[in-house]
Amino acid sequence: MRNLKVDSQRLWASLMEMAEIGALPHGGCGRLALTDLDREGRDPFVRWCEEEGCTVTVDSLGNIFARRPGRDPSRKPVATGSHLDTQPHGGKFDGVLGVLAGLEVLRSLNDAEIETEAPVEVCVWTNEEGCRFTPSMGSSGVFGGLYAPEEVLEVRDVDGKSFGEELSRIGYAGAEACGDHVFETFYELHIEQGPILEAAKKQVGIVTGVQGFRWYDVVLKGQDAHAGPTPMEVRRDAMLAAAHMVELVIQAGRARPPHGRGTVGHMRVLPNSRNTIPGEVHFTIDVRHPDPAVLDAMAAELLQAICRSAEQDSVDIETTEVTHSAPISFDESCVAAVRSAVERLGYAHMDVVSGAGHDAVNISRVAPTSMIFIPCANGLSHNEEERIEPEQAETGANVLLNAILDRAG
Ligand SMILES: [Zn+2]
């Protein structure tokens, strides 16, 4: 069964139906995790899967698994999926595409009356976005053994409501222990959320891995002084020191193209008064690279450089590593299955590294995993104007279908 294709119109209709749940005025979606709207999005997904003859189970973190049986009951499932929750001002496709393309794969297999050897499963991971409950990707994180279940179930939102209480309230606290489900393979189809594929005029990104990152907090201490009487050469200006360091952070990314990234996204200036030389500045550093050795060297060199810079600017410096995430290389055989599907289908493609985190990163800890990207307009995501065309959704789903068939037999 080579080069089977999905039903593009049916996939698009499902995407548009889901987009009505939590629809926002500017075309986006606000369907925060574990709200009533989250339930309203999950319910039709479960119904649609059951209508296709799937068995649906839910685990203790609210992750949903819809299983289409295979011929060989001893085989573990070939799985796919993503998330249905969104940012407060999210788009219609971030996560949702991966879930509903999975559903469309099940429907297409049924239409073509294909019986696979291995079962095929479509999953929904709870709270990928992490905007209501931190951490993001917590439920796939429990599944992948990164967190204990309580660590995620006990976190509270700004109103003091716990993840666990809200999960029970919407009726998705399942009986199965999270992580008990074993996959043979996991694929996640997702929009790129960046501009690289569109700029290169490629239809598909074969995702070979995910960027690792390191986050630091930096505190600079100089001396508050009057902006008038204090001569330039005697100042201990924490803002000047910070300005030099921002340049170094950005340079650390620029010096390692194409994947290096360096960002200062947050800064606090004290006392924040127009006629006082700032005596104290706090800022954040985010550095990223897909190669663990390069990322380590990049972070070490950067920290040395900013310490030298602090000395030259006569300020004291304190740096703290806040968190880090190791780079991931996806499973080679999964990447190869995606590549062969893309080539057979004849789509323009390139290899890419994901700059954003995804549930697939956590699943890759426990199952051979890889991802498929399709471009989105102007690389825009986490924005109501996030946009793809129906043909692009179909392209991604066709690759997913054929990669799944490759493994499920
Ligand atoms: Zn997403």
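## Questions on a predicted two-domain model

The secondary structure of this predicted model comes to 12 helices and 16 strands.

Biologist: How compact is the protein for its 409 residues?
Modeller: The globule rule gives 22 Å for 409 residues. The radius of gyration is 24 Å, which is close to that value. So the protein is as compact as a globular protein of that length.

Biologist: What does the C-alpha trace span along its principal axes?
Modeller: The span is taken along the principal axes of the protein. The C-alpha trace covers about 85 × 45 × 40 Å.

Biologist: How far apart are the centres of domain 1 and domain 2?
Modeller: The domain assignment gives domain 1 as 8-210 + 327-408 and domain 2 as 212-325. Their centres are taken over C-alpha atoms. The separation is 37 Å.

Biologist: Which kinds of residue make up the side of domain 1 that touches domain 2?
Modeller: Five residues of domain 1 are in contact with 10 residues of domain 2. On the domain 1 side, none is charged. The residues there are two nonpolar and three polar.

Biologist: Where around the axis of H8 do its buried residues sit?
Modeller: Helix H8 runs over residues 238-254, and its buried residues are Ala 238, Met 239, Ala 241, Ala 242, Met 245, Val 249 and Ala 252. They cover an arc of only 145 degrees around the axis. That puts them on the same side of H8.

Biologist: Which elements do the buried residues of H8 pack against?
Modeller: The partners include four strands and a helix. They are S7 (212-221), S9 (261-263), S10 (267-270), S12 (280-289) and helix H9 (292-312).

Biologist: What span should helix H3 have at 1.5 Å a residue?
Modeller: H3 covers residues 96-111, which makes 16 residues. Its end C-alpha atoms are 22 Å apart, and this agrees with the expected span. That expected span is 22 Å.

Biologist: How many of the 16 residues of H3 are buried?
Modeller: H3 is mostly covered. For the protein as a whole, 50% of the 409 residues count as buried. In H3 the count is 14.

Biologist: Is Gly 164 buried or exposed?
Modeller: Gly 164 is found in helix H6 (residues 163-169). A residue needs 20 or more other C-beta atoms within 10 Å to count as buried. Gly 164 has 20, so Gly 164 is buried.

Biologist: How does Glu 165 count, with 14 C-beta neighbours inside 10 Å?
Modeller: Glu 165 also lies in helix H6. Exposed means 12 or fewer neighbours, and buried means 20 or more. With 14, Glu 165 counts as partly exposed.

Biologist: Which residue does a cis peptide bond join to Pro 135?
Modeller: Pro 135 lies in the loop between strand S4 (120-124) and helix H4 (138-143). Omega of the cis bond is about 5 degrees. The partner is Thr 134.

Biologist: Is Gln 193 buried or exposed?
Modeller: Gln 193 lies in the loop between strand S5 (185-191) and helix H7 (196-199). Its phi is positive, about 65 degrees, although Gln 193 is not a glycine. With 21 other C-beta atoms within 10 Å, Gln 193 is buried.

Biologist: Is Asn 272 buried or exposed?
Modeller: Asn 272 lies in the loop between S10 and S11. Its phi is positive, near 65 degrees. Asn 272 has 10 C-beta neighbours inside 10 Å, so this residue counts as exposed.

Note on methods
Residues numbered from 1 in each chain as written. Predicted model: local features only at pLDDT ≥ 70, side-chain atom pairs only at ≥ 80, totals over all residues. Domains from an automatic or database assignment. Contact = placed C-beta atoms within 7 Å. Nonpolar A, V, L, I, M, F, W, Y, C, P; charged D, E, K, R; others polar. Helix = DSSP H or I, 4+ residues; strand = E, 2+ residues; numbered from the N terminus. Expected span 1.5 Å × (residues − 1). Arc of directions from axis to C-beta. Rg over C-alpha atoms; globule rule 2.2 N^0.38 Å.
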